[in-house]
Amino acid sequence: MTKTALLAALMALSSTATAQITYTPSASDHFGFYLGTQVWQSDASGEFGETNQRLDFHLKKQHQFNSFVAVNHPYPFLPNVRIARTTLATTGQTTLTQAFSFQDKTFAAADTVEANFQLSYVDYSFSYALYDHTNAFVALGLTLRDLHGDVAIGKASDASDNTCNDPNPSPDRPCNDDLSSSIGQIKANKIKPMLNIAGSVKVPATDINVFANADILVMANDTFADYQLGFSVDLLKTNLGQWQLNLGYRVVNLEFEDLNSLATELAFKGAFVGTVARF
């Protein structure tokens, strides 16, 4: 998604009351402790590499597993807090039509190269309610996103034969350091501050809430957008707590010119299903 389209989507999101995942509760609630998990079928597309040379590795669809914990309270001067972990892991390969370099490793035209893309991040989100009503809620806050990435590219035969990451290699297939040396690798560790907009609206005469959540970073050369839209349904209410089922669609756009030498123009998109427990 381009920056212009992303900003337009953000403006549309913030102009409605349908912008919050259900576990970010109303400030008028009593204390609440939330636990949630999410299974996400992500379809990855786009290019990555180094700043001056990126490739489409035809990345595979992958199931991702995410989780969060959140706490809310009735004190208006203190933010509600949410900590969430997301993983984006996929692999792919392509046959080169020209020479390609990655972290001082050069691959020749006609080589088949394989990529292993792994990115995880922990979000520390602090938000305040802008609009707080029985059937609708909108919040604005700050997310500190702690990124950890590990991207490796090598010849397909080398990547499949290399067992150097195995702490107990088989005597019949020992670790081959020569293969390891032919694989280019970038590790990225950054903390990115992001704008968080979230909200929900209750469908009248039902136990269904429509929700959305967006974490947005737009800078001169970087765009990082993570947003989702869906609905939640109450499954069970007891004296111990209540449980909800969440269904929706999530999109993560990664456009970085230089993330520890890694350049990306990637999109991860797909449907998710999740559960939320409130105690």
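1. **β12 and β13.** In this predicted model, strands β12 and β13 pair in the antiparallel sense, with 16 bridges between them. One pair to look up is Q242 and R278: the bridge partner of Q242 in β13 is R278. The two strands form a hairpin with two residues between them. Check N260 in this hairpin, where phi is positive, near 55 degrees.

2. **How enclosed is β13?** Strand β13 covers residues 262-278. Is β13 largely enclosed or not? Of its 17 residues, 12 are buried, so the strand is largely enclosed by the rest of the structure.

3. **β13 has another partner.** Strand β1, residues 32-50, is joined to β13 by 14 bridges. These two strands run antiparallel. Find A44 to see the pairing: F268 in β13 stands opposite A44. So much for β1; β13 also pairs with β12, again in the antiparallel sense.

4. **N246 in β12.** N246 sits in strand β12. Is N246 buried or exposed? Its relative accessibility is 6%, and a residue is called buried under 20%, so N246 counts as buried. Now compare sequence and space. N246 and F272 are 26 residues apart along the chain. Their C-alpha atoms are 8.0 Å apart.

5. **β11 and β12.** Strand β12 spans residues 242-259 and pairs with β11 over 14 bridges. The sense is antiparallel. G230 stands opposite G248 in β12. These strands form a hairpin too, with four residues between them.

6. **β10 and β11.** What joins β10 to β11? The link is 11 bridges, and the strands run antiparallel. A212 faces L229 of β11 across the pairing. Four residues lie between the two strands of this hairpin.

7. **D222 in the loop.** The loop between β10 (208-218) and β11 (223-237) holds D222. A loop residue may be buried or exposed, so check the value: D222 has a relative accessible area of 13% and is buried. Which backbone atom does the D222 side chain reach? The side chain reaches the backbone nitrogen of E257, at 3.2 Å.

8. **A nonpolar patch.** Turn to the surface. V81, I83, Y124, F126, L142, L144 and I191 make a nonpolar patch of about 550 Å². Which strands each supply at least two of its residues? They are β4 (80-95), β7 (112-132) and β8 (136-155). When you look at residues along a strand, keep one rule in mind. In a regular strand, side chains alternate between the two faces of the sheet.

9. **L142 in the patch.** L142 lies in strand β8 and is one of the patch residues. Its relative accessible area is 40%, so L142 is partly exposed. Set this beside N246, which counts as buried at 6%.

10. **The whole chain.** Three helices and 13 strands make up the list of elements in the protein chain. How many of its 279 residues count as buried? The share is 43%. Look also at contacts between residues at least 6 apart in sequence: 69% of them join residues at least 24 apart. The chain exposes about 13900 Å². Carbon and sulfur atoms supply 57% of that area.

Definitions and conventions:
Residues are numbered from 1 along each chain as its sequence is written. This is a predicted model: local features need pLDDT of at least 70, side-chain atom pairs count only at pLDDT 80 or more; totals for chains, interfaces and linings use all residues. Side-chain values use heavy atoms; hydrogens and water are left out. Patches are made of residues with over 30% relative accessible area and no salt bridge: like charges are joined within 9 Å, nonpolar side chains (Val, Leu, Ile, Met, Phe, Trp, Tyr) within 5 Å. Accessible areas come from the Shrake-Rupley method with a 1.4 Å probe; for residues, only the protein chains shown count as cover. A salt bridge is a side-chain nitrogen of Lys or Arg within 4 Å of a carboxyl oxygen of Asp or Glu. Buried means under 20% relative accessible area, exposed over 50%, partly exposed in between (1.4 Å probe, protein chains only). A polar contact is a pair of N or O atoms within 3.5 Å; within protein, one must be able to donate a hydrogen and the other to accept it, and residues adjacent in sequence count only if both atoms are side-chain atoms. Contact means heavy atoms within 4.5 Å. Two strands pair if DSSP finds at least two bridges between them.
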